[in-house]
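Here is a short briefing on one protein chain. Please look over the structure before reading the points below.

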Amino acid sequence: PKKFYLEPNKFYLEPKMVLQMLLLWRLPKNPFRELLETTCRLANTLKRHGVNKGDRVAIYMPVLPIAVAAMLACARIGAVHTVVFAGFSSEALAGRIQDAQCKAVITCNQGVRGGRFIDLKPTVDAAVKNCPTVQHVFVAQRTSNPTPMGKLDIPLEEAMASESAQCAPEPMGSEEMLFMLHTSGSTGKPKGIVHTQAGYLLYAALTHQYVFDYHPGDVFGCVADIGWVTGHSYVVYGPLCNGATTVLFESTPVYPDPGRYWETVQRLGINQFYGAPTAIRLLLKYEESWVKKYDRSSLKTLGSVGEPINHEAWEWFYNVVGDGRCPLVDTWWQTETGGVCIAPRPAEKGAEIVPAMAMRPFFGIQPVLMEEKGKPISGNDVSGALCIGQPWPGMARTIFGDHKRFVDAYFKPYPGHYFTGDGAYRSKEGYYQITGRMDDVINISGHRLAVNSLRGLVATKIAKYAVPDHFLVVKRLPKTRSGKIMRRILRKVAMEQTGDLGDVSTLDDPSVVTEIIKAHAQYKSLTSQNK
């Protein structure tokens, strides 16, 4: 009250306050304020073109600030974003747009990855031809490459320039949709996993803080793509909710050289580094000098995500990258869980971390191991189907448009429990080790065969009963872009069910499937001739 005076149509400031405001005006722009303004301009652009609360918006963009703003802009107006990895084919993109019945698409003219330019707009053009619900395509300019515009297209930056930098957030109920994200199903179309407003954000923020030991002022470096749930929870929502500086990584681990990650750590002073075992296994093939030449003293915590990390990769990551001084948290979670469910941290100070093991459930997570007949397995030093025994804030609420499929997939196998689809081992100490997908287990009778070296290796390393009936040697395996082997495809090829392989759009190179089918056919022909 002593600092300013109000009269009708007049506003008086003391000279001291005017000076303070001028000084603030001259300070560098706050990046969080800049993100807010960009988000609001984009949100107002969407609203001006008819995108309202509850409408679905597909985002097909690389890891860019404008992509993060697009996600937040949708959230700000109550629209539901569905981010599609900007490497999927037009068919895969169209399928996801159709499933979500998207009203608009936000994309870029091109992406830049590993020194290459990737055309994105032509992919979107091909996709929306089969998507009658799409009314507008907003096109951002990542490169200077000219972009031909069609009747649905709107230049995004040009449209945003004329909009206000203020946009009041839409009031939302805690259980209303925040976003949907598609994950591949074993058969049929991908599943549109739905996450809601309050529970997801709470869980993403808490797990980000406690699993990675985040503190105010830390620079958090998750190198995941925003097209995956890891990018949603630990590039965008979790870190930003905690006020963290979060890193966007658009490149690849080996461009322009195998030191790219660690150069980034040095240049940005990254404190927590969260990456995938696939990338770690790739990098450990190179000389350690690519790591050692960079200052990594800022690192406080290392994290692994996407699949169980093997011992060799764990040891290299911990000892070479972290110099044996940074806790390495091997995290287990899923698109459906919203955030980390099992990890070595949080734990009391100095608590042990067992290499290559997820270990401890997060707050509120109640792991339960189930036997085949659906009964819980008690005690330690046991294995079974991994379930979760009670709800938690970040859990998915449904599959968009198909709640029955949601119930059948996750709650019907073990009534009263969420079934993760994974198997797990509980050690003598009570720690959890993920053993792999339950539907990837191949049951065999234990017959011996003439491939002596492989037979002996399997019998020695696993067990005699585990020796397969047949070995098929192929050049490549069907891996997703996150490095996971899609074993259900191998199983269907082995069972000669290649007419229904399910969704293969998440594969890094779908042509691998054709190679394997061809190799299997040749093997069958050869064995039948030998008979």
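A residue counts as buried when its relative accessible area is under 20%, as exposed when it is over 50%, and as partly exposed in between. Threonine 264 has a relative accessibility of 6%, so it falls in the buried class. The model is predicted. The points below start with the whole chain, then go to its cores, its cavity and selected local features.

**Overall make-up**

- The protein chain holds 16 helices and 23 strands.
- Its length is 531 residues, and 48% of them count as buried.
- Among contacts with a separation of 6 or more, 68% link residues 24 or more positions apart.
- About 26,000 Å² of the protein chain is exposed. Carbon and sulfur atoms supply 55% of that area.

**Nonpolar cores**

- Nonpolar side chains tend to be buried together in soluble globular proteins.
- The largest nonpolar core here has 102 residues. Leu42, Leu46, Met61, Ile106, Tyr237 and Tyr274 have the most contacts inside it.
- Helix α3, residues 65-77, gives the most to this core, with eleven residues.
- Another core, of 31 residues, lies apart from it. Its members include Cys326, Ile353, Met357 and Tyr431.

**Cavity and threonine 264**

- A probe the size of a water molecule, rolled over the atoms, shows where empty space is left.
- The search of the whole structure finds one cavity of 30 Å³ or more. The volume of the largest cavity is about 40 Å³.
- Which residues line the largest cavity? They are Gly221, Val223, Val247, Phe249, Tyr261, Thr264, Ile270 and Phe273.
- By class, this lining has six nonpolar residues, two polar and no charged.
- Threonine 264, one of the lining residues, sits in helix α9, residues 260-268.
- Leaving aside neighbours within four places in sequence, threonine 264 contacts Phe249, Gly269 and Ile270. Phe249 and Ile270 are also among the residues of the cavity lining.

**Helix α4**

- Is helix α4 largely enclosed or open? Eight of its eleven residues (90-100) are buried, so the rest of the structure largely encloses it.
- The buried residues are Ser90, Ala92, Leu93, Ala94, Arg96, Ile97, Asp99 and Ala100.
- Their packing partners include three strands: β3 (56-60), β4 (80-83) and β5 (104-108). Helix α5 (121-128) and strands β10 (177-183) and β11 (191-196) also pack against them.
- Glutamine 101 comes just after α4 and takes a positive phi of about 55°.

**Isoleucine 309**

- Isoleucine 309 lies in the loop between β15 (301-304) and α12 (311-321).
- Its relative accessibility is 4%, so isoleucine 309 counts as buried.
- Not counting residues up to four places away in sequence, isoleucine 309 touches Pro277, Ser304, Trp314, Asp330 and Ala356.
- Arginine 281 is 28 residues from isoleucine 309 along the chain, and their C-alpha atoms are 9.1 Å apart.

**The loop between α12 and β16**

- Aspartate 323 lies in this loop, which runs to β16 (328-330). Its phi is near 55°, a positive value in a residue other than glycine.
- Is aspartate 323 buried or partly exposed? With a relative accessible area of 40%, aspartate 323 is partly exposed.
- Glycine 324 has its place in the loop between α12 and β16. Glycine 324 is partly exposed, at 30% relative accessibility.
- Apart from residues up to four places away in sequence, glycine 324 touches Tyr318 and Asn319.

**Other backbone features**

- The peptide bond from tyrosine 255 to proline 256 is cis, with omega near 0°. Proline 256 belongs to the loop between β13 (245-246) and α9.
- Arginine 345 and proline 346 are joined by a cis peptide bond, with omega about 10°. Proline 346 sits in the loop between β17 (342-343) and β18 (360-361).
- Glutamate 496 is not a glycine, yet its phi is positive, at about 60°. Glutamate 496 is found in the loop between α15 (487-494) and α16 (511-530).

Notes
Residues are numbered from 1 along each chain as its sequence is written. This is a predicted model: local features need pLDDT of at least 70, side-chain atom pairs count only at pLDDT 80 or more; totals for chains, interfaces and linings use all residues. Side-chain values use heavy atoms; hydrogens and water are left out. On a 1 Å grid over the protein atoms alone, a cavity is a set of points where a 1.4 Å probe fits but cannot get out, and a pocket is an open set with protein on both sides within 12 Å along at least five of seven lines; lining residues have an atom within 4 Å of a point. Grid points are joined across faces, edges and corners, and a volume is the space filled by probe spheres set on the points. Ala, Val, Leu, Ile, Met, Phe, Trp, Tyr, Cys and Pro count as nonpolar, Asp, Glu, Lys and Arg as charged, and the others, Gly among them, as polar. Helices (H or I, at least four residues) and strands (E, at least two) are DSSP runs, numbered from the N terminus. Buried means under 20% relative accessible area, exposed over 50%, partly exposed in between (1.4 Å probe, protein chains only). Contact means heavy atoms within 4.5 Å. Accessible areas come from the Shrake-Rupley method with a 1.4 Å probe; for residues, only the protein chains shown count as cover. A nonpolar core is a set of buried Ala, Val, Leu, Ile, Met, Phe, Trp, Tyr and Cys residues joined through side-chain atoms within 4.5 Å.
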